[in-house]
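Thanks for making the time. I'd like to take a few minutes on one structure, so please have a look at it before I start.

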Amino acid sequence: MSGFTFAKGNFLKVVSSPLYFLGAVASMFVKRDRNLWVFASGSGIGEGPLALYKYASVADKDLKLVWLARSKPELVEAKTLCLNAATRNSWRGFRLTLRAGAIVVSHGLGDANRFGVRGAFVLQMWHGIPLKKIQLDSPVTFSGGFVSRQILKRAYRRSTQSIRLMPAASKLSAKRLESAFGLSEGVVAVTGDPRDDVVLSEPAAAKRILEQKLGEIGRARLVLFAPTWRDGQADPVVPSDKEWLSIATFLEETNSLLVVRPHPHAVGDYSIGSSVSKRIRMLSPKLQNDVNPILPAVDLLITDYSSIAFDFSLLERPIAFLAPDVVDYAKTRGLYEKYSAFSGGSEVTNWRDLLNLLRSESTLNKLAAHARQLAKMHQDFRDGKNTARVYEELRKRLVARFGGES
């Protein structure tokens, strides 16, 4: 699994400084096209950028839309999905980014060709409602080894100033995003998160996706285990051999199927589970990079600090929290709210207690009730029209930026 850390990412940005400078110079001589929009996501094809691409392609046939792929396999996948695409780091990818009136990303400016973003209208869609502190708010963001934290912090602030629009799922989320990215008032718009529209879609479509990737599911209760990452540290939630056996027994007793979906940057081996029981299936990020499309088929979620809990809460189904390292994690990464508020005080620290928790029907009802509270607090819109609102907001702001009619 990936060993990505903030320190590695920061190092690469520093050594690329000359290319940033050349890109900035080039931007002075290239006119941007308001009707050319480029899309990219740091996790692959999916997330908010894909939702907006699909919506915009139907809403206005005069728009020129291009997906910027990070690799040749992603380029092939994009074309399979009938997306107009180019390789991000190619000369064409640089020129498209340099000319684009709108650049749509989900992780950072490096989702697109980072050397061509100067002067563009950047729509930063982010990839989740913040619970753990991010960007300027988190101390781990500025891990850089030989580079001072102050230099890195100034560089982050400069890069975030190119963001002209950022959707938020709620007023509460908007405040966190404004703080994390150092954004001025009005940049963040409470429109709902486009990546959550698919969560409210029909379960049948989600189940088909899962069965294409994992084989037949049948009528078993579907449990999704989706932990977050620890910035290069090993995941403490990886089950031991004994715990895998206990999990397998629980799944048999409750006619359940466990889908294990580690974070793309996770450090830890979850693969042994599938050799213990046919009821344990591995859904790696390479197999399914965007997890939200499968959520409608999930009956129960197990997570720790992942924002997937906020997405899944829209379904008002039980969410169980497994957090053996909550004290250390809150101290090193930082959380925007007390973990007990996020979990409803239901968190456990080991698999034995978790399985005992999930055997109680009354407890499951309480976990579902807490999910409803999470949705009420963190999701201002639950109508499946978040993408439409973001599209209209983007068109309006591009008119203000470039002139003309929307």
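I'll go through the sheet, then one buried serine, then the cavities. One thing to keep in mind is that this is a predicted model.

The sheet, then. It is an open sheet of seven strands, paired in parallel, and the order reads β3-β2-β1-β4-β5-β6-β7. At the edges sit β3, residues 85-87, and β7, residues 188-190, each pairing on one side only. From one strand to the next the twist averages 25 degrees. As a reminder, the strands of a sheet pair through backbone hydrogen bonds, and the pairing is either parallel or antiparallel.

Look at β5, residues 121-124. Two bridges join β5 to β6, and the two strands run parallel. Within that pair, Val122 stands opposite Ile163 of β6.

What packs on the sheet? Helix α3, residues 47-59, does, and it touches β1, β2, β4 and β5. The direction of α3 makes about 155 degrees with that of β2.

Next, the serine. Ser138 is in the loop between β5 and α6, the helix at 149-160. Is Ser138 buried or exposed? Its relative accessibility is 1%, and the cut-off for buried is under 20%, so Ser138 counts as buried. Leaving out residues up to four places away in sequence, Ser138 touches Lys133 and Arg333. Thr332 is 194 residues from Ser138 along the chain, yet their C-alpha atoms are separated by 8.4 Å.

Now the cavities. How many of 30 Å³ or more turn up in a search of the whole structure? Three.

The largest cavity holds about 80 Å³ of space. Its lining includes Met125, Trp126, Pro167, Ser173, Leu177 and Asp193. Two elements give two or more residues to that lining: β6, at 163-168, and α7, at 171-181. By class, the lining has nine nonpolar, two polar and one charged residues.

The second largest cavity has a volume of about 40 Å³. Among the residues lining the second largest cavity are Val223, Phe250, Leu258, Ile302 and Trp351. Helices α9, residues 241-253, and α14, residues 351-358, each supply at least two residues of this lining. The class count here is nine nonpolar, no polar and no charged.

To recap: a parallel sheet of seven strands, Ser138 buried in a loop after β5, and three cavities of 30 Å³ or more. That's what I have.

Key
Residues are numbered from 1 along each chain as its sequence is written. This is a predicted model: local features need pLDDT of at least 70, side-chain atom pairs count only at pLDDT 80 or more; totals for chains, interfaces and linings use all residues. Side-chain values use heavy atoms; hydrogens and water are left out. On a 1 Å grid over the protein atoms alone, a cavity is a set of points where a 1.4 Å probe fits but cannot get out, and a pocket is an open set with protein on both sides within 12 Å along at least five of seven lines; lining residues have an atom within 4 Å of a point. Grid points are joined across faces, edges and corners, and a volume is the space filled by probe spheres set on the points. Helices (H or I, at least four residues) and strands (E, at least two) are DSSP runs, numbered from the N terminus. Ala, Val, Leu, Ile, Met, Phe, Trp, Tyr, Cys and Pro count as nonpolar, Asp, Glu, Lys and Arg as charged, and the others, Gly among them, as polar. Two strands pair if DSSP finds at least two bridges between them. Axes are lines fitted to C-alpha atoms, for helices over the stretch in contact, and angles run from 0 to 180 degrees between N-to-C directions. Contact means heavy atoms within 4.5 Å. Buried means under 20% relative accessible area, exposed over 50%, partly exposed in between (1.4 Å probe, protein chains only).
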